[in-house]
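Student: Please give me a close look at a single part of this model, beginning at one loop residue and then working outward to the helices, the cysteines and the sheet. I would like the reasoning spelled out wherever a value leads to a conclusion.

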Amino acid sequence: MTLTKIPPGQQITRTQQFGLNLVSRLSGGRDVILAIDLTESVGLNNEGRIRLRQIVEDSIKPGDYIYIVPFAQDVVLGEVTSNINPLGTPIKYSHNSPENIANILAKIPLTSDSNYYGTDIQRAELTIYQGIAQINQNRLQKNQAIKPQSVVWLTDAPLFTEPGITSKVWIETPADSPLRIADSPESQERHAWMKILPIHKRSLSITTPENKPYTLAVYDIYPTVQEFCTPAPGNQETCLINPYLKQQLWLPSTILLLILASLFGGAIKLHRLRRKWELHIYVEEHEEQICRLKNHQRIAIGEDDENCTDVIDCPGTKVRGYLERKGEKLYLVPNKLDAIHYNGREITARTLISNSKMRLNFPDNPQRDYEITIQIKK
């Protein structure tokens, strides 16, 4: 696949940013760029080394990709780069271990180098901001999950200045640098990246033993890619981000919907199980009787039973049977000694009541039956 070098794109919507944040959270991991000024004016002191070690030991998490990016007049990667790896080959921090931490620290230049001078800070910013945007854009083109990114700057040069940088602002910028000219293509591209990338800035000033200050700054960048929407035939528009989000989120969205549907169904079922049923009992020449029945409860038929919540009166001196609720089902349980007729049929075993209305008949003697009608309201 040919990976196109990406320019700054269009502003994305809040919905798209939410979707990109969700994609990054589902995949995990970050890009962490350690941008180290190599010039002697920085010369990391013990405090700087301690704080940098703190960042590596306490902040780097399994799944992170670490990019070591030294710079002076230009970025000094020591390897050939391309659009695939514009900031060099990263170190993947796979798991927490002293060995992995030591491996990262060993690759960080913790001392200045007299061979490097004249920090072109705006060029370093342009290279790094375009580079991290390219890394996420490559993931978009490959339909891979994008990541949040952070740039840790260690430099005494001023960051995030306006386009063009005079000697009064920063004297070290080389005289022939196009970044000194405010309207040069390089200056305008750097400014465009600073505007389009969602950057959250924090910084800490550190003073060297020579009483010279430099800054440890952390620029966190929310997971983002560059949007390009283009008019298409048929009064339509084709864009990059929405199709990418659909491809990345359809499976998690489906799983989430199934989980929510299951929870909703479970909540409804639980509510139905916890709700009391009302049994309205009608007997000729008697007042209507109402019995309430919870799940796993019984109503006795005949005589009272201490294990039942209520009783339905009928002729006889003992319990003829029970109405027993199990979940959403109601059963008629005869005692097998006295006859019970359900809807005109004698019941001799536990029987599921399938209708909301039923007739029970209790033969008392050949001349007289005792019939009741029960209406079930769930």
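**A loop residue and its surroundings**

Tutor: N143 counts as partly exposed, because its relative accessibility is 39%, a value that lies between the limits of 20% for buried and 50% for exposed. Please keep in mind throughout that this is a predicted model. N143 sits in the loop between α4 and β4 (149–155), and its phi is near 55°, which is a positive value in a residue other than glycine. For background, most residues other than glycine have a negative phi.

The helix that N143 follows is α4, and its length can be checked by a short calculation. Helix α4 covers residues 121–141, and at 1.5 Å a residue its 21 residues should span 30 Å; the C-alpha atoms at its ends are 30 Å apart, so the expectation and the model agree. Helix α4 is also mostly covered, since 18 of its 21 residues are buried under the cut-off of 20% relative accessible area.

A second residue invites the same reading of its backbone. H296 is found in the loop between β10 (289–293) and β11, and its phi is near 65°, again a positive value in a residue other than glycine. The side of the question that concerns solvent is settled by its relative accessibility of 57%, which is why H296 counts as exposed.

Among the other helices, α2 (residues 46–59) and α3 (residues 98–107) pack against each other at an angle of about 145°, with their axes 10 Å apart. The crossing in which α2 passes α3 is right-handed. The residues that make this contact are R53, V56 and E57 on the α2 side, and I101, I104 and L105 on the α3 side.

Helix α1 (residues 14–27) holds Q17, which is buried because its relative accessible area is 15%, below the 20% limit. Once neighbours within four places in sequence are left aside, the contacts of Q17 are with I12, P198, Y222, P223 and T224.

The cysteines deserve a careful reading, as the structure holds one disulfide. That bond is formed by C229 and C239, whose sulfur atoms are 2.1 Å apart, and with 120° about the S-S bond the link is right-handed. The pair links distant parts of the chain, 10 residues apart: C229 lies in the loop between β6 (213–221) and β7 (230–232), whereas C239 lies in the loop between β8 (236–238) and α6 (241–274). Both C229 and C239 are buried.

C291, by contrast, is in no disulfide, and the nearest cysteine sulfur, that of C308, is 11 Å away. C291 is buried, because its relative accessible area is 0%. For C314, the closest cysteine sulfur is the one in C291, and at 12 Å it is too far for a bond, given that a disulfide requires sulfur atoms within 2.5 Å. C314 is likewise buried, because its relative accessible area is 9%.

The sheet that includes β11, the strand after the loop of H296, can now be put in place. It is an open sheet of five strands in the order β12-β11-β13-β14-β17, with mixed pairing. At its edges stand β12 (310–312) and β17 (351–353), and each has a single partner strand, so one side of each is left without a neighbour in the sheet. On average, and with direction ignored, neighbouring strands of this sheet are turned by 30° against each other. In general, the strands of a sheet pair through backbone hydrogen bonds, either parallel or antiparallel. Strand β11 (residues 298–301) and β12 run parallel and are joined by three bridges, with I299 standing opposite D310 of β12.

Toward the other edge, Y331 is found in strand β14 (residues 329–334), and because its relative accessibility is 17%, Y331 counts as buried. Y331 and I353 are 22 residues apart in sequence, yet their C-alpha atoms are 5.5 Å apart in space. Not counting residues up to four places away in sequence, Y331 touches Y322, L323, E324, K326, R350, T351, L352 and I353.

Methods
Residues are numbered from 1 along each chain as its sequence is written. This is a predicted model: local features need pLDDT of at least 70, side-chain atom pairs count only at pLDDT 80 or more; totals for chains, interfaces and linings use all residues. Side-chain values use heavy atoms; hydrogens and water are left out. Helices (H or I, at least four residues) and strands (E, at least two) are DSSP runs, numbered from the N terminus. The expected span of a helix is 1.5 Å times one less than its number of residues. Buried means under 20% relative accessible area, exposed over 50%, partly exposed in between (1.4 Å probe, protein chains only). Two strands pair if DSSP finds at least two bridges between them. Axes are lines fitted to C-alpha atoms, for helices over the stretch in contact, and angles run from 0 to 180 degrees between N-to-C directions. A crossing is left-handed if the near helix is turned anticlockwise from the far one by less than a right angle, and right-handed if clockwise. Contact means heavy atoms within 4.5 Å.
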